[in-house]
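Thanks for making the time this morning. I would like to walk through one structure with you, starting from a single residue and working outwards, so please have the view open as I speak.

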Amino acid sequence: MISIMLIAGNWKMNYGLKELYDFSNTFKSFEPSKDIDLCIIPPFPIIKEAKHIFQETKINVGAQCCHYKLEGSFTGDVSPKLLSEIGCDYVITGHSERRSNHFETNAYVKNTVLSLINKNITPIICVGETQEEKRKGNTFNFIKKQVSESVPIINDALIVVAYEPIWAIGSGNIPSEEEIEKIHNLIREELNSIPYLKVIYGGSVNEKNCKEIFSIPSVEGALIGGASLNFKEFLAIYNSGVKYLNSFKR
């Protein structure tokens, strides 16, 4: 059964073993909802330890990127094969920071997704427009092109697409609820032939705005950056998602 929501915390190039153990202590009495997957995405060197710590829990562990090749002469890169062997559940691909800092193209992202699916890892594919594209009123066309060129049509595995407007990341600003709804619906329309699709939002998600974000009908979770580094806030965001879903069961 595929969960209704996914809440993932991207630690980026922050934290180490001490903070991983701190996270474990914060979530020691954590009672997960069967309707929400919780995933932490720490730096590469501590992924295996994270899997070990949480092996008896419902907390998933992911990686922040990977190469699309399974092996080869790619110094500094990590393969989907290795991530699969250590039990990685999710991998982010196409994050704006990887696209800009490491020149990862739409074609690169698509090939990575295919490799991840081949290794039974769920991809989290990031798409999002720049401030300049938004200013020019080109958001729809930009997202449409990114989605069509980055997301392969897969019929038998879960695909997660994260709408992360670049101008919102780390800025404290987010699109209006109407804007998020329109972009998420656009993504769904473009990928309507994918049976197992989850569209989540990312970009300055925090404890203050998460309730409104989760209440948007087309939002099926969140990819959280800065707020995931504050473990109590991250837990509060997760609990907000639980409360939102529980409100439909009364």
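Let me begin with Val91, which counts as buried because its relative accessibility is 0%. Please keep in mind throughout that this is a predicted model. Val91 sits in strand β4, which covers residues 90-93, and, if we leave aside its neighbours within four places in sequence, its contacts are Ala63, Cys65, Cys66, Leu83, Leu116, Ile121, Thr122, Pro123 and Ile124. For a sense of scale, the C-alpha atom of Val91 is separated by 25 Å from that of Thr139, a residue 48 places away along the chain.

What kind of sheet does β4 belong to, and in what order do the strands run? The answer is a closed barrel of eight strands with parallel pairing, in the order β1-β2-β3-β4-β5-β6-β7-β8, and from one strand to the next the twist averages 30°.

Two of the pairings can be looked at in detail. Between β1 and strand β2, residues 36-41, there are six bridges, and the two strands run parallel; within that pairing, Ile7 stands opposite Leu38 of β2. Strand β1 is mostly covered, with six of its six residues buried. In a regular strand, side chains alternate between the two faces of the sheet. Here Met5, Ile7 and Gly9 point one way from β1, while Leu6, Ala8 and Asn10 point the other way, and all are buried.

Further round, strand β5, residues 122-127, pairs in the parallel sense with strand β6, residues 159-163, over four bridges, and Cys126 is found opposite Ala162 in β6. Helix α5, residues 106-118, packs on the sheet and touches β4, β5 and β6, its direction making about 165° with that of β5. Helix α8, residues 177-190, lies across β5, β6 and β7, and runs at about 150° to β7.

That brings me to the helices themselves. Two packed helices are described by the angle between their axes and the distance between the axes. For helix α7, residues 139-150, and α8, the axes come within 10 Å and cross at roughly 35°, and the crossing is right-handed. On the α7 side the contact is made by Thr139, Phe140, Ile143, Lys144 and Val147, which meet Lys182, Ile183, Leu186, Ile187 and Glu190 of α8. Sorted by class, that contact has six nonpolar, one polar and three charged residues.

Finally, the aromatic rings, where a search of the whole structure finds 13 pairs. The rings of Trp11 and Tyr15 have centres 5.6 Å apart and planes at 80°, so this pair is edge-to-face. Is each partner buried or partly exposed? Trp11, at 0% relative accessibility, counts as buried, whereas Tyr15, at 35%, counts as partly exposed. Trp11 also forms an edge-to-face pair with Phe23, at 5.8 Å centre to centre and 65° between the planes. Because Trp11 lies in the loop between β1 and α1, and Phe23 in helix α1, this pair ties together parts that are 12 residues apart in sequence; both Trp11 and Phe23 are buried. These residues belong to one aromatic cluster, formed by Trp11, Tyr15, Phe23, Phe27, Phe30, Phe54, Phe231, Phe234 and Tyr238.

I will stop there and take questions.

Key:
Residues are numbered from 1 along each chain as its sequence is written. This is a predicted model: local features need pLDDT of at least 70, side-chain atom pairs count only at pLDDT 80 or more; totals for chains, interfaces and linings use all residues. Side-chain values use heavy atoms; hydrogens and water are left out. Buried means under 20% relative accessible area, exposed over 50%, partly exposed in between (1.4 Å probe, protein chains only). Contact means heavy atoms within 4.5 Å. Two strands pair if DSSP finds at least two bridges between them. Axes are lines fitted to C-alpha atoms, for helices over the stretch in contact, and angles run from 0 to 180 degrees between N-to-C directions. A crossing is left-handed if the near helix is turned anticlockwise from the far one by less than a right angle, and right-handed if clockwise. Ala, Val, Leu, Ile, Met, Phe, Trp, Tyr, Cys and Pro count as nonpolar, Asp, Glu, Lys and Arg as charged, and the others, Gly among them, as polar. Rings of Phe, Tyr and Trp (its six-membered ring) pair if their centres lie within 6.5 Å; planes under 30 degrees apart count as stacked, over 60 as edge-to-face and the rest as tilted.
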